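Subject: The two-chain structure, and what turned up in it

Hello,

Here is the structure I promised to pass on to you. Have a look at it first, and then read on for what was found in it.

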Amino acid sequence: MPSTDEELVARSMGGDLDSFNQLVLRWERPIYALAYRVIGREEDARDVAQETFLRAFRALRGFKGQAKFSSWLYRITLNLCRDWIRRQRRAPVAQAPEGVDLIELASQAEPAETIEDLVARRELGRAVARAMAMLPEEQRTAIVLKEYHGLTFQEIADLLDCPLSTVKTRLYQGLCVLRKHLAEAGVESVFARNDHV
Amino acid sequence: MIMCNKEQLVGYLYDDLPAEERAAFEGHVAACARCRQELFELRETRQHLATWAPPEPEFTFQVVQSARAEAAPPRPRFAMFPRWALAAAAGVLVAAGAAAIANIEVRHDANGFVVRTGWASDAPLDGPAGPGVVAERPISADARSAAVADPGPAGQLRAEVAALAQRVAEMEQADLQLARTGAPPRSGISPAELRKILAESESRQRTEMAMRFQQIWNDFNAARASDFVRVQQAVAPELQRQGRLLENVIYRNSGQR
């Protein structure tokens with residue numbers, strides 16, 4: 001049975017590097033994904049992820065276990081992302097891939113998905129990335145934490161140090177603006193209009 | 001009937017409402033076309049969001065201690081380089097690191113392979129300076145800590161030399177004070193003797209450094225020669241085969257004529 005985060009953290013505090021590396025292995029992809037979606041640059045997201053784990057390792061003794069280890073990591077990551085955005089003094093950039101490799105695409109296709117569907121899905125993903133990059137940082141972060149990391153409203157409020165109602169407002173406003181940007185980008189509706197509630 | 005409430009709408013959208021509130025909101029939505037439409041559109045936006053995936057990262061972070069890092073197997077990307085190239089790279093790194101510490105002069109001329117060392121100085125010395133000349137001024141605390149911070153053998157030796165130099169300076173100061181008060185000089189190692197020890201220590205370090213460098217050079221040459229032989233062995237049969245093919249073609253062409 002795999003060790004819990006708390007067990008690994010306790011062993012890491014005792015100087016067990018392997019335990020800390022297990023935590024890294026467990027959380028590196030979510031942390032990278034969070035950084036990538038907040039700042040929108042692959043290379044910088046990788047740097048942020050790496051710096052997150054370095055800082056976590058150095059500050060491990062200061063981790064009191066009041067929050068979940070993952071929440072603590074998220075907080076470090078978001079602080080680093082905020083620093084990055086401040087340094088850049090600009091909105092995150094939605095990266096456009098240099099080219100589309102059809103063979104690579106085909107290997108990523110779902111069993112019932114044609115290449116055309118997959119290309120359309122990738123195009124839509126890029127449109128979403130561009131629309132997300134246009135959102136204010138607070139709204140984008142709230143959407144990323146809720147949508148892609150499945151945090152509860154309360155967890156997001158704790159992470160962002162804001163009231164619960166603010167989180168919900170940011171989510172609502174962010175989704176509305178996003179919807180508007182996507183419509184302007186020509187993204188078509190995926191649902192039938194009569195399928196409500 | 002409740003009024004349109006955006007916070008409730010978001011809670012309902014993410015299925016994060018208490019049962020009672022949820023039932024009330026469903027009752028509202030059934031009667032409110034505007035909220036129904038908004039809920040539909042936000043669900044659609046969430047569907048769109050699901051298509052955005054970050055690029056698959058090609059990394060695995062790992063926290064390692066320096067000793068472990070040295071013992072870790074080389075990364076596969078280095079596998080494409082021949083051993084002699086790696087030996088050369090290692091040699092350059094060692095030389096660069098050592099040069100940064102000890103002012104190494106490396107020369108390859110008619111007299112052969114020459115390595116000369118002398119301790120680096122951060123600022124001009126008060127007295128004459130050069131290889132083998134010890135600084136007359138006291139070694140600064142920064143220089144001592146920098147020497148101690150360097151964990152390698154050169155760093156240790158440098159720290160020893162720095163400590164000895166510091167001791168010489170202290171003894172000179174003490175002797176000067178004794179001379180001023182008219183007291184006889186104390187017994188023990190004199191500053192001159194300590195100077196001699198320092199000079200010997202530095203000389204030993206120079207010799208060791210030269211030997212190490214020579215060893216790296218020898219390893220590099222041996223690995224290069226070995227790789228060259230292996231390349232020849234791999235390529236020679238193919239060259240012979242190509243030669244035979246060419247001879248056949250020439251033979252056939254001459255027969256056709």
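A salt bridge here is a side-chain nitrogen of Lys or Arg within 4 Å of a carboxyl oxygen of Asp or Glu. Please keep in mind that this is a predicted model.

With that in hand, chain A offers an example: Arg26(A) and Asp5(A) are joined by a salt bridge, with 2.7 Å from N to O. The two residues belong to distant parts of the chain, since Arg26(A) sits in helix α2 of chain A and Asp5(A) in helix α1 (residues 5-13) of chain A, 21 residues apart. Asp5(A) counts as buried because its relative accessibility is 12%, whereas Arg26(A), at 32%, is partly exposed. Over all chains, the search of the whole structure gives 15 salt bridges.

Now for chain A as a whole. Its secondary structure consists of nine helices and zero strands. Of its 197 residues, 44% count as buried. Among the contacts in chain A with a separation of 6 or more, 59% are between residues 24 or more positions apart.

One helix of chain A deserves a visit of its own. How many of the 11 residues of helix α7 (residues 137-147) of chain A are buried? Nine are, and the helix is mostly covered. Among these buried residues are Arg140(A), Ile143(A), Leu145(A) and Glu147(A). What do the buried residues of α7(A) pack against? Their surroundings in chain A are α2 (17-39), α4 (69-88), α6 (115-133), α8 (153-160) and α9 (164-184), and α3 of chain B joins them.

That last neighbour brings us to the place where the two chains meet. Here 39 residues of chain B are in contact with 49 residues of chain A. Together the chains bury about 4,300 Å², of which 67% is on carbon and sulfur atoms. Trp52(B), Phe61(B) and Val63(B) provide 21% of the area that chain B buries against chain A, more than any other three residues. Trp52(B) also belongs to one aromatic cluster with Tyr32(A), Tyr36(A) and Tyr148(A).

There is a polar side to the interface too. Nine residue pairs are in polar contact across it, both residues being at pLDDT 80 or more. Two elements of chain B, α1 (6-13) and α3 (33-49), each give two or more residues to the side that touches chain A. The largest share, 14 residues, comes from α3(B). By type, the residues on this side of chain B divide into 19 nonpolar, nine polar and 11 charged.

Three salt bridges are counted between chain B and chain A. One of them pairs Arg29(A) with Glu56(B), with the closest N and O atoms 2.3 Å apart. Another salt bridge is made by Arg46(B) and Glu147(A), at 2.9 Å from N to O. Why does this pair join two chains? Arg46(B) lies in helix α3 of chain B and Glu147(A) in helix α7 of chain A, so the pair joins two chains. Arg46(B) is partly exposed at 25% relative accessible area, and Glu147(A) is buried at 18%.

Within chain B, Arg22(B) forms a salt bridge with Asp15(B), the closest N and O atoms being 3.0 Å apart. Shared partners join Asp15(B), Arg22(B) and Glu26(B) into one salt-bridge network. Asp15(B) lies in the loop between α1 and α2 (19-31) of chain B and is exposed, with a relative accessible area of 58%. Its backbone is worth a look: Asp15(B) has a positive phi of about 55 degrees although it is not a glycine. Most residues other than glycine have a negative phi. Chain A has a positive phi of this kind at Asp161(A), near 55 degrees, in the loop between α8 and α9 of chain A.

Last come the aromatic rings, with 11 aromatic pairs over all chains. Trp217(B) and Phe220(B) make a tilted pair, 5.6 Å from centre to centre and with 35 degrees between the planes. These two residues are three apart in helix α8 (residues 191-256) of chain B, so about one helical turn separates them. Phe220(B) is buried at 12% relative accessible area, while Trp217(B), at 31%, is partly exposed.

Enjoy exploring it!

Best wishes

Conventions: Residues are numbered from 1 along each chain as its sequence is written. Chains are lettered from A and ligands numbered from 1 in the order in which they are written. This is a predicted model: local features need pLDDT of at least 70, side-chain atom pairs count only at pLDDT 80 or more; totals for chains, interfaces and linings use all residues. Side-chain values use heavy atoms; hydrogens and water are left out. Contact means heavy atoms within 4.5 Å. Buried area is the accessible area (1.4 Å probe) that two parts lose on being put together, summed over both. A polar contact is a pair of N or O atoms within 3.5 Å; within protein, one must be able to donate a hydrogen and the other to accept it, and residues adjacent in sequence count only if both atoms are side-chain atoms. Helices (H or I, at least four residues) and strands (E, at least two) are DSSP runs, numbered from the N terminus. Ala, Val, Leu, Ile, Met, Phe, Trp, Tyr, Cys and Pro count as nonpolar, Asp, Glu, Lys and Arg as charged, and the others, Gly among them, as polar. Rings of Phe, Tyr and Trp (its six-membered ring) pair if their centres lie within 6.5 Å; planes under 30 degrees apart count as stacked, over 60 as edge-to-face and the rest as tilted. Buried means under 20% relative accessible area, exposed over 50%, partly exposed in between (1.4 Å probe, protein chains only).
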